[in-house]
Amino acid sequence: LSVKYRVTTQDGLMAGGPMYVLERGMNAKWLGIIFAALTAVAAFGIGNMVQANSISSLVNETLHISPWISGSIMTVLTAIVILGGIKSIARVCEMLVPFMAVFYVIGCSSILIIRADTIPETVVLILKNAFTGTAAVGGFIGAGVREAIRYGIARGLFSNESGLGSAPIVAAAAQTSNPVRQALVSSTGTFWDTVVVCAMTGLVVVNSGAWTKGLNGAGLTKAAFSDLPIIGPIILTVGLLTFVFSTILGWEYYGEKAAEYLLGQKVITPYRILWVVF
């Protein structure tokens, strides 16, 4: 739908997404305006500060580097890339994404191979508690089916953005005239994000048993990856750094196009500067 209802901007680039679908496909421009406004604002949380916080927390936990330092470095790198526009963002992500996926999957696989004898128990534990909840020590105390479903939806939405409407914004910039082909290409992102990367991360975390110690966030993940001495924390840090940086770049584009839909091309540069500041 995003490819089908996209438009060509004054500078010859493609612009699309749910706001254009709502306006041009459903004749509901007011809904398009609401979607664009919420996207332009939400991007600062979902795709900017949350991401920067996750990597600075991990780097602080693993390498004892102050968030002020890691945040400053990320700010400079982000500015260098996004001030160059969509082509610059695409170029960097094209290099980062294949590397981070292969590197991270190899790292997770290595940890799981080392603990292969306990994998069946881990899978049983996950499936069992997905439907019954557990009273184990740690973050899952008192968690029932309702909470499991609520967190499942939240984590699923956060991991691959399915149904959120953000990914179609960048899909509209694809150099294709076939909407169905682009839809098939876009669906592979969901598969790799959740079915492969998140599933492997979940297996590593549950298999480690670190979740029973009351840890959460960066501390929990670090403890799980520490099963692979020295190399484990490095895999986690490099993997998360590349995932986070590519997400920050991608979400800047989502927010920028939403703001452009509302206020025109004059808003692009101020939006990029504001993004770097955040």
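Start by selecting helix 1 (18-25) in this predicted model. Its buried residues are Pro18, Met19, Tyr20, Val21 and Leu22. Show their surroundings and you'll find what they pack against: strand 1 (7-8), strand 2 (14-15), helix 2, helix 7 (167-171) and helix 10.

Now pick Met19 alone. Which residues does Met19 touch once its neighbours within four places in sequence are set aside? Gly32, Phe35 and Ala36 are in contact with Met19, as are Ile169, Lys257, Ala258 and Tyr261. Keep Lys257 in mind, as it returns later in the tour in a salt bridge.

Before leaving this end of the chain, step just past helix 1 to Asn27. Asn27 sits in the loop between helix 1 and helix 2. Look at its backbone: phi is near 55 degrees, a positive value in a residue other than glycine. Asn27 is exposed, with a relative accessible area of 70%.

Then move on to His64, in the loop between helix 2 and helix 3. His64 also has a positive phi, near 60 degrees, and is not a glycine. Is His64 buried or exposed? At a relative accessible area of 66%, His64 is exposed.

**Into the core**

Next, select Met19 again, adding Ile89, Leu249, Tyr271 and Trp275. These five touch the most other members of the largest nonpolar core, which has 34 residues. To see where the core comes from, colour helix 1 (18-25), helix 2 (29-63), helix 3 (67-82), helix 4 (86-114), helix 10 (231-263) and helix 11 (268-277), the elements that each give two or more residues to it. Which of them gives the most? Helix 10 does, with 10 residues.

There is another core to visit, apart from that one. This second core has 21 residues, including Val105, Ile111, Leu112 and Ile235.

Helix 4 is a good next selection. Its buried residues are Ser88, Ile89, Val92, Cys93, Leu96, Met100, Tyr104, Val105, Gly107, Cys108, Ile111 and Leu112. Put a distance between the end C-alpha atoms of helix 4 and you should get 41 Å. At 1.5 Å a residue, its 29 residues should span 42 Å, which agrees.

**Rings**

Turn on the aromatic side chains. The model has 10 aromatic pairs. Zoom in on Phe44 and Trp275: their ring centres are 5.2 Å apart and their planes meet at 45 degrees, so the pair is tilted. Phe44 is in helix 2 and Trp275 is in helix 11, so this pair links distant parts of the chain, 231 residues apart. Both partners are buried, Phe44 with a relative accessible area of 10% and Trp275 with 1%.

For another geometry, jump to Phe191 and Trp192. That pair is edge-to-face, at 5.6 Å centre to centre and 80 degrees between the planes. Phe191 counts as partly exposed, at 42% relative accessibility.

Come back to Trp275 and add Phe44, Tyr271 and Phe278 to the selection. Together these four residues form one aromatic cluster.

One more ring is worth a stop: Tyr5. What sits over the ring of Tyr5? The charged end of Lys4 does, 5.6 Å from the ring centre.

**Charged pairs**

How many salt bridges does a search of the whole structure find? The search finds two.

For one of them, select Arg272 and Glu256, whose closest N and O atoms are 2.8 Å apart. Arg272 lies in helix 11 and Glu256 in helix 10, so the pair ties together parts that are 16 residues apart in sequence. Both residues are buried.

For the other, select Glu260 and Lys257, which meet at 2.7 Å, N to O. These two are three residues apart in helix 10, which means they are separated by about one helical turn. Glu260 is buried, and so is Lys257. Here you are back at one of the contacts of Met19.

**Last stop**

Finish at Pro270, found in helix 11. Pro270 is partly exposed, with a relative accessible area of 45%. Draw a line from its C-alpha atom to that of Glu256: the two are separated by 9.6 Å, while the residues are 14 apart along the chain.

How values were computed
Residues numbered from 1 in each chain as written. Heavy atoms only, no water. Core = buried A, V, L, I, M, F, W, Y, C linked by side-chain atoms within 4.5 Å. Buried < 20%, exposed > 50% of the residue type's maximum accessible area, 1.4 Å probe, protein only. Helix = DSSP H or I, 4+ residues; strand = E, 2+ residues; numbered from the N terminus. Contact = heavy atoms within 4.5 Å. Phe/Tyr/Trp six-rings, centres within 6.5 Å; stacked < 30°, edge-to-face > 60°. Lys NZ or Arg CZ within 6 Å of the ring centre and 35° of its normal. Salt bridge = Lys/Arg side-chain N within 4 Å of Asp/Glu carboxyl O. Expected span 1.5 Å × (residues − 1).
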